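This report goes through the sheets, cores, salt bridges and chain symmetry of one entry. The sequence and coordinates come first.

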Number of protein chains: 2
Amino acid sequence: MEIGRPYSRLLLRLERLNALSLDDKQRLIDLPLKIANYSADAEVVSHGDSSSRCTLVLGGFLYSHKSIATSRRQITSFFVPGDVADLSSFYLSKVEHGISALGPTVVAFVPHSSLTEVLDRSPGLARAFWRETLMQAAISQEWIVNLGRRDAIARIAHILCELTARLQMVGLARDLAFSVPWTQMDVADASGISQVHANRVIQELRQLGLVEWDSKHVRIKDWDSLVRLASFDSDYLQSSVEADL
Amino acid sequence: MEIGRPYSRLLLRLERLNALSLDDKQRLIDLPLKIANYSADAEVVSHGDSSSRCTLVLGGFLYSHKSIATSRRQITSFFVPGDVADLSSFYLSKVEHGISALGPTVVAFVPHSSLTEVLDRSPGLARAFWRETLMQAAISQEWIVNLGRRDAIARIAHILCELTARLQMVGLARDLAFSVPWTQMDVADASGISQVHANRVIQELRQLGLVEWDSKHVRIKDWDSLVRLASFDSDYLQSSVEADL
DNA sequence: CGCCGTGTTGATCTCACTCAAGTGCGGTGG
DNA sequence: CCACCGCACTTGAGTGAGATCAACACGGCG
């Protein structure tokens, strides 16, 4: 699970948008980190914590979530290998949502102090991380549209499209197939629908011949139709590499 | 409309979280800017634009929005005086949503080049702006929960609570009353519901004695009940100052 | 073996949508 | 000064997507 080169996937993504100098890369790679393992549904960061470290996903998945009084939790984002799940902890005093492991997950903790030091020294890295924050914000915007204006089947289709695209960026969705240790309940909580309805929608996606999906393993059979159903436009993931600032 | 001291409200907010040095404040105030006026529904930044400037709201309101094929637009955020509406344009090549004026609005454009120069020179300001990005991201997370897990009346109540709190931070919601030049259609598009239903929900809020609301002017009559109805928890706005409310 | 978590199915209910019509007000032009 | 227009708001009726409740099936695990 990439323990040998923990920063490789993060680098892959940071560099997609802007080249980093060799020095900057080295500074990043030299950051001290502490590896930790979590099992399914373990809480990595609790709502209200004031953390002194950032959490980099090495293997597996994290998700952030928040719940309100009477209803089920809402999952507000997924984090895939190479993502930093709590960049917000770096400058905001409290984390305003819980972060948990979707399944068995390997993470690396980086102390804020080391990060501050490196970022103060390197404007290039500071920019890269800020840009990372902006990209996560763009994903949130897209989720707002997803929850506000798509019906259930399009919502789930959109989540699949996004996850596929994000996993492809870090080399984890070859042939449009990938493994996620989620349950239909997790999918429901990310889509803002009930578990029962998620089940019916997933069956429909299967019957339409769009995906093979046995809970943990997803294989997209008809990418174009899925994209059309979801009105998925990958631009917000900044995946096209024509950007040159 | 604060033309004389265009940065005062932004400063007010930036300083709420972390003091800025006198030098930094001066650097901010000295940034060159170009004032512009927009009328209701005018588009300030178009989807797909690659902008070379940031947009600071001086008076009035902006909102960002995105629409997908078959449905109405979804409003993804509101921007009040003192907010920078397109911080993302600073580091992402394209803006992934439209930004428009809610009603007559005064904005100031700041060239990216000047901003880059200032931020490279001042780590304190760079931090402050990054933190600003993080706060906007926290608001987006909250909107995700709002759209995913609240029913119509709680959604609208939550939007009212958030707007009240944010306007109070910049001194624009004294006595829990404020003016927003929105229509019920705008409220519907922010809540992910239909205009007809928004109308019925707003009537219900009035009948419950929670608000006086004649479209452009909102006065909260029963803050505590509104907060309870919305499950509003202002922590995510980093507004440690609840005594204000 | 029995339990629990996950997935599946059916029946019923309800919140919110759509369609359609009507009201009221502010602005504009005759 | 009034008639008209257009936009925002309001109301009613019928419909529908998705929620809730309640079983049941299946497989892994203690």
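In what order do the 4 strands of the open sheet with antiparallel pairing in chain B stand? The order is E2-E6-E4-E5 (chain B). The model is a predicted one, and every value below is computed from it.

**Sheets of chain B**

The edges of this sheet are strand E2 (43–45) and strand E5 (74–79) of chain B. Each has a single partner strand, so one side of each is left without a neighbour in the sheet. Averaged over neighbouring strands, and with direction ignored, the turn of one strand against the next is 35°. Strand E4 (residues 62–66) of chain B pairs with E5(B) over 5 bridges in the antiparallel sense. Opposite B:Tyr63 stands B:Phe78, a residue of E5(B).

Another open sheet of chain B has 3 strands, ordered E1-E7-E3, and its pairing is antiparallel as well. Here strand E1 (34–38) and strand E3 (53–59) of chain B stand at the edges. Since each of them has a single partner strand, one side of each is left without a neighbour in the sheet. The average turn between neighbouring strands of this sheet is 30°, direction ignored. E3(B) and strand E7 (residues 105–111) of chain B run antiparallel and are joined by 6 bridges. One residue of E7(B), B:Val106, is the bridge partner of B:Gly59. H4(B) packs on the sheet, where it touches E3 and E7 of chain B, and its direction makes about 65° with that of E7(B).

Helix H4 of chain B spans residues 112–121 and includes B:Ser113. B:Ser113 has a relative accessibility of 52%, and because the cut-off for exposed is over 50%, B:Ser113 counts as exposed. Its C-alpha atom is separated by 7.8 Å from that of B:Ser52, although the two residues are 61 residues apart along the chain.

**Nonpolar cores**

In soluble globular proteins, nonpolar side chains tend to be buried together. The largest nonpolar core of this model has 92 residues. The members that touch the most other members are A:Phe78, A:Leu160, A:Trp182, A:Trp213, B:Phe78, B:Trp182 and B:Trp213. A separate core has 53 residues, including A:Leu14, B:Leu14, B:Cys54 and B:Leu58.

Which residues does B:Trp182 contact, leaving aside its neighbours within four places in sequence? Its contacts are B:Phe78, B:Leu102, B:Ile159, B:Leu160, B:Leu163, B:Val187, B:Trp213, B:Ser215, B:Lys216 and B:Val218. B:Phe78 thus appears both in this list and opposite B:Tyr63.

**Charged side chains**

Over all chains, the structure holds 30 salt bridges. Three of the pairs are given here.

| Pair | N to O distance |
|---|---|
| A:Lys25 and A:Glu15 | 3.3 Å |
| A:Arg27 and A:Asp24 | 3.1 Å |
| B:Lys25 and B:Glu15 | 3.4 Å |

The pair A:Lys25 and A:Glu15 links distant parts of the chain, with A:Lys25 in helix H2 (residues 22–29) of chain A and A:Glu15 in helix H1 (residues 8–17) of chain A, 10 residues apart. A:Lys25 is partly exposed at 23% relative accessibility, and A:Glu15 is partly exposed at 28%. In chain B, B:Lys25 has a relative accessibility of 23% and B:Glu15 has 27%, which puts B:Lys25 and B:Glu15 in the partly exposed class.

A:Arg27 and A:Asp24 are 3 residues apart in helix H2 of chain A, and therefore about one helical turn separates them. A:Arg27 is partly exposed, with a relative accessible area of 27%, whereas A:Asp24 is buried, at 7%.

A network of salt bridges links A:Arg13, A:Asp83, A:Glu132, A:Glu162 and A:Arg166.

A:Asp186 lies in helix H6 (residues 184–191) of chain A. Is A:Asp186 buried or exposed? Its relative accessibility is 5%, so A:Asp186 counts as buried. Not counting residues up to four places away in sequence, A:Asp186 touches A:Arg73, A:Ile75 and A:Leu102.

**Relation of the two chains**

A turn of 180° with a shift of 0.0 Å along the axis lays chain B on chain A with an RMSD of 0.0 Å. The two copies are therefore related as by a two-fold rotation axis. Both copies use the same surface, as 100% of the contact residues of chain B recur in chain A.

Conventions
Residues numbered from 1 in each chain as written. Chains lettered and ligands numbered in written order. Predicted model: local features only at pLDDT ≥ 70, side-chain atom pairs only at ≥ 80, totals over all residues. Heavy atoms only, no water. Core = buried A, V, L, I, M, F, W, Y, C linked by side-chain atoms within 4.5 Å. Buried < 20%, exposed > 50% of the residue type's maximum accessible area, 1.4 Å probe, protein only. Contact = heavy atoms within 4.5 Å. Pairing = 2+ DSSP bridges. Helix = DSSP H or I, 4+ residues; strand = E, 2+ residues; numbered from the N terminus. Axes fitted to C-alpha atoms, helices over the stretch in contact; angles between N-to-C directions. Least-squares fit on C-alpha atoms with pLDDT ≥ 70 in both. Salt bridge = Lys/Arg side-chain N within 4 Å of Asp/Glu carboxyl O.
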